[in-house]
Amino acid sequence: MTGPTRIIAGNWKMNGTGESLDEARAVAEALAQSPAAVRVALCPPATLIWRMKEALGAGPVEIGGQDCHAEREGAYTGDVSAEMLTDAGARLVILGHSERRAMHGETDAFVAAKVRAALSAGLEPIICVGETLAEREAGQAEQIVERQLLASLPEALAGQAFAVAYEPVWAIGTGRVAEPADIATMHAHIRAVLARHLGDSGDRAPILYGGSVKPSNAAETLSVPEVGGALVGGASLKASDFLGIIRAA
Ligand code: PEP
């Protein structure tokens, strides 16, 4: 049986200016010479989306946003709508990242509204879920992630292309990667919830793992059953590291 198309997506977070486009170009050039076995995406800050699209064109690297507002337009100073991301050249958008949930107070319901907005604008959402260390230590990891999934994934996703990223909060930017057995258990649980909640589209959606993925641990992490790719933060900023992860997939 063929599984969902795997995705390696880089999340540059609030890093990068015009000079950083050289790293994106280096990734695209390497993949143009030797194509990847997976889909590859880079999600730079909003200020670089258009410039990255201009620099990379219709090459092997897809471009995504890191967030969007739930409304199409209006008095939301500093925010960016899903339509604006599409207009700038994005195809995907990360939604519900734990940094936004923690630092911007994003609730599951707000994430679900953003997912609806992204779909209306023709973007493919990558919806992030994950438990904190305290929740894992209290034995509640699966329960928390299931609750986030059910409340953050609107039924409008049925029949649409989307991905889920399982990112244990304690593994993001800390150098700690979850144990393969724990990743396998969580990804199997997420697959069961997705299939129950969204039918065929829930069966097809890739489930990415995120949290300190690096070239040195990518092969092991990506070989865990039901891991359909990776959402990569720090290691996506340097072309050589990001390519190391892509080649391990
Ligand atoms: C992330 O930001 O989604 C992430 C997984 O970051 P890092 O790879 O740096 O842990």
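Trainee: Let's start with Ser 98. Which residues does Ser 98 touch, not counting residues up to four places away in sequence?

Mentor: Leaving out those residues up to four places away, Ser 98 touches Val 169 and Ile 172. Keep in mind that this is a predicted model.

Trainee: And where does Ser 98 lie? Is Ser 98 buried or exposed?

Mentor: Ser 98 lies in helix α4, which covers residues 98-103. To call a residue buried, look for a relative accessible area under 20%. Ser 98 has 15%, so it is buried.

Trainee: Let's try a whole helix. Which residues of α9 are buried?

Mentor: Helix α9 takes in residues 215-222, and its buried residues are Asn 217, Ala 218, Thr 221 and Leu 222. Now look down the axis of α9: the buried residues fall within an arc of 125°, so they line one face of the helix.

Trainee: What does the face turned away from the buried side carry?

Mentor: That face of α9 carries the exposed residues Ser 216 and Glu 220.

Trainee: Then what covers the buried residues of α9?

Mentor: The cover includes the strands β1 (7-11), β7 (207-210) and β8 (229-232), along with the helices α8 (180-204) and α10 (239-248).

Trainee: How do I read a nonpolar core? How many residues has the largest one?

Mentor: Think of buried nonpolar residues joined through their side chains. The largest core here has 65 residues. Those with the most contacts inside it are Ile 8, Leu 149, Leu 153, Phe 162, Ile 190, Leu 194 and Ile 246. Helix α8 gives this core its largest share, six residues. Apart from it lies another core, of 12 residues, among them Ala 41, Ile 126, Ala 165 and Leu 231.

Trainee: Which residues does Ile 8 touch, again not counting those up to four places away in sequence?

Mentor: Among them are Val 38, Val 40, Leu 222, Val 232, Phe 242 and Ile 246. You met Leu 222 earlier, as one of the buried residues of α9.

Trainee: On to the ligand. Which residues come nearest?

Mentor: There are 14 residues around the ligand, and Lys 13, Glu 167, Gly 173, Ser 212 and Gly 233 come nearest. For polar contacts, check which part of the residue is involved. With Lys 13, a polar side-chain atom lies 2.7 Å from an oxygen atom of the ligand. With Gly 233, a polar backbone atom is 2.8 Å from a ligand oxygen, and for Gly 234 a polar backbone atom is 2.9 Å from a ligand oxygen.

Trainee: How much of the ligand does the protein bury?

Mentor: Start from the ligand taken alone, which exposes 290 Å². The protein buries 95% of that.

Terms used. Residues are numbered from 1 along each chain as its sequence is written. This is a predicted model: local features need pLDDT of at least 70, side-chain atom pairs count only at pLDDT 80 or more; totals for chains, interfaces and linings use all residues. Side-chain values use heavy atoms; hydrogens and water are left out. Buried means under 20% relative accessible area, exposed over 50%, partly exposed in between (1.4 Å probe, protein chains only). Helices (H or I, at least four residues) and strands (E, at least two) are DSSP runs, numbered from the N terminus. The arc is that of the directions from the helix axis to the C-beta atoms. Contact means heavy atoms within 4.5 Å. A nonpolar core is a set of buried Ala, Val, Leu, Ile, Met, Phe, Trp, Tyr and Cys residues joined through side-chain atoms within 4.5 Å. A residue is near a molecule or strand if one of its heavy atoms lies within 4 Å of it. A polar contact is a pair of N or O atoms within 3.5 Å; within protein, one must be able to donate a hydrogen and the other to accept it, and residues adjacent in sequence count only if both atoms are side-chain atoms. Accessible areas come from the Shrake-Rupley method with a 1.4 Å probe; for residues, only the protein chains shown count as cover.
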